[in-house]
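Me: I have a model open on my screen and would like a close look at a single part of it. Could you walk me through that part and then place it in the whole chain?

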Amino acid sequence: MRFTIERDHLVSSVSDVMKAVSSRTTIPILTGIKIVASDEGVTLTGSDSDISIECFIPSEENDKQIVEISKMGSIVLQARFFSDIVKKLPGDQVEVEVFDSLTTRIRSGSSEFNLNGLDPEEYPRLPEVEAQEGFQIQADLLKNIIRQTVFAVSTSETRPVLTGVNWKLEDGELNCTATDSHRLALRTVKVEPNSNELSFSNVVIPGKSLSELSKIIDDNEELVDITVTENQILFKSNHILFFSRLLDGNYPDTSRLIPNDNKTNVTVSAKELLQAIDRASVLAREGRNNVVKLASIEDSTLEISSNSPEIGKVIEQVQSHSFDGEELKISFSAKYMMDALRSMDSNEVTISFTGAMRPFLIKPIEGAAIMQLILPVRTY
């Protein structure tokens, strides 16, 4: 195999596939990146068996030559070294040549590296995914959905299914739910299925996979094709294929957690509330659980306080824009509340309370496409 490629394209594709390569794998060949040179261009693949990422660099794009293939072939190179080498090469062009012994020469400018390659035949094959059945979603919208849900997944492996985000497709509406059993994030979005009979209705995608996907896809309005099989989901965008395994197990029915009635409704500036809780949590962090208290006082003002016996206490006041219902006294995790408020793309939020020990809901004032639910902490 022998080809010459523009360094910038190579660096960006290598850094994308590196997101799937793990140094802690039990399969030695997966510590490498597979490189395949064909007539059309160069394909790079990285995988840790949970996530697989394939990047294609076409021979030419917009009438500009990017790759020149002298001899087709394939090789697997140690990812960590190959990635470090291509980032530091001096020239704009990189020449990669593989010899019969799998030794690979990488040349650029005045620099030359020789790496020992691995047999590409031993590299696991990527899953086969039929592309007819699936749906499309805009890249920037997909990034938003991930940002607004993935922070609420569980980090504990005791219930593995909760470390993922539940995607449920019904009647052209995609519901994305994440919960760690102390809080819940829900995002709803309308989608157009590619076919009338879409085969999946309910899958759980690992939170880690979605976080990595979010780093790779561009923040633009291009469409991402999403296809689901029994145990894999494929995201296809531009020249990138992103495979992730799905989590086994039944995701809990979270609809029962969402309260239908409420005793107190408060509308408040998301930014002001976030900053006040952030300041109050400076002292709360030192105590256990990072808990702050919220209480209503006269003139529909909210009082946010936290108390750490060894250090001191803090009291913040935030003026609500509207206050409707019973007086309020509730305690909650400052971190959970801050995560929820940061996920809102709205200047004002409505918070609905049903009692000091019942979950409360946070929604943007316009549109109900996103909702956050938090369980309070018993302090009173």
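Reply: Happy to! Helices and strands here are DSSP runs, numbered from the N terminus, with at least four residues for a helix and at least two for a strand. With that in hand, let us start at Ala20, which is found in the loop between helix 1 (7–17) and strand 2 (32–37). Please keep in mind that this is a predicted model.

Is Ala20 buried or exposed? Its relative accessible area is 1%, and buried means under 20%, so Ala20 counts as buried. Leaving out residues up to four places away in sequence, Ala20 touches Gly46, Ser47, Asp48, Ile51, Ser52 and Ile53. Glu54 is 34 residues from Ala20 along the chain, and the C-alpha atoms of the two are separated by 9.5 Å.

Ile53 leads us to a second residue, Ile240, because Ile53 is in the contact list of Ile240 as well. That list, which sets aside neighbours within four places in sequence, also holds Asp16, Glu54, Cys55, Ile216 and Phe235. Ile240 lies in strand 20, which covers residues 240–245. With a relative accessibility of 14%, Ile240 is buried too. Val224 is 16 residues from Ile240 in sequence, and their C-alpha atoms are 9.8 Å apart in space.

Cys55, one of the contacts of Ile240, is buried with a relative accessible area of 2%. Cys176 is buried as well, at 0%. A disulfide is a covalent bond between the sulfur atoms of two cysteines. How many disulfides does a search of the whole structure find? The search finds zero.

Now for the wider setting. According to UniProt, in an unreviewed entry, residues 1–127 carry the feature "domain: DNA polymerase III beta sliding clamp N-terminal". This span is 17% helix and 46% strand, and its end C-alpha atoms lie 25 Å apart.

The protein chain as a whole has six helices and 29 strands. Of its 380 residues, 51% count as buried. Among contacts between residues at least 6 apart in sequence, 66% join residues at least 24 apart. Along the principal axes, the C-alpha atoms fill a box of roughly 80 × 55 × 40 Å. The accessible surface of the chain comes to about 19100 Å², with 44% of it belonging to carbon and sulfur atoms. As for charge, the chain has 38 positive and 57 negative charges, and the mean positions of the two sets are 8 Å apart.

Methods: Residues numbered from 1 in each chain as written. Predicted model: local features only at pLDDT ≥ 70, side-chain atom pairs only at ≥ 80, totals over all residues. Heavy atoms only, no water. Disulfide = S-S within 2.5 Å. Buried < 20%, exposed > 50% of the residue type's maximum accessible area, 1.4 Å probe, protein only. Contact = heavy atoms within 4.5 Å. Areas by Shrake-Rupley, 256 points an atom, 1.4 Å probe, with all protein chains shown as cover. Lys, Arg positive; Asp, Glu negative; His and termini not counted. Charge placed at Lys NZ, Arg CZ, Asp CG, Glu CD. UniProt positions renumbered as here; feature names shortened; annotations may be inferred.
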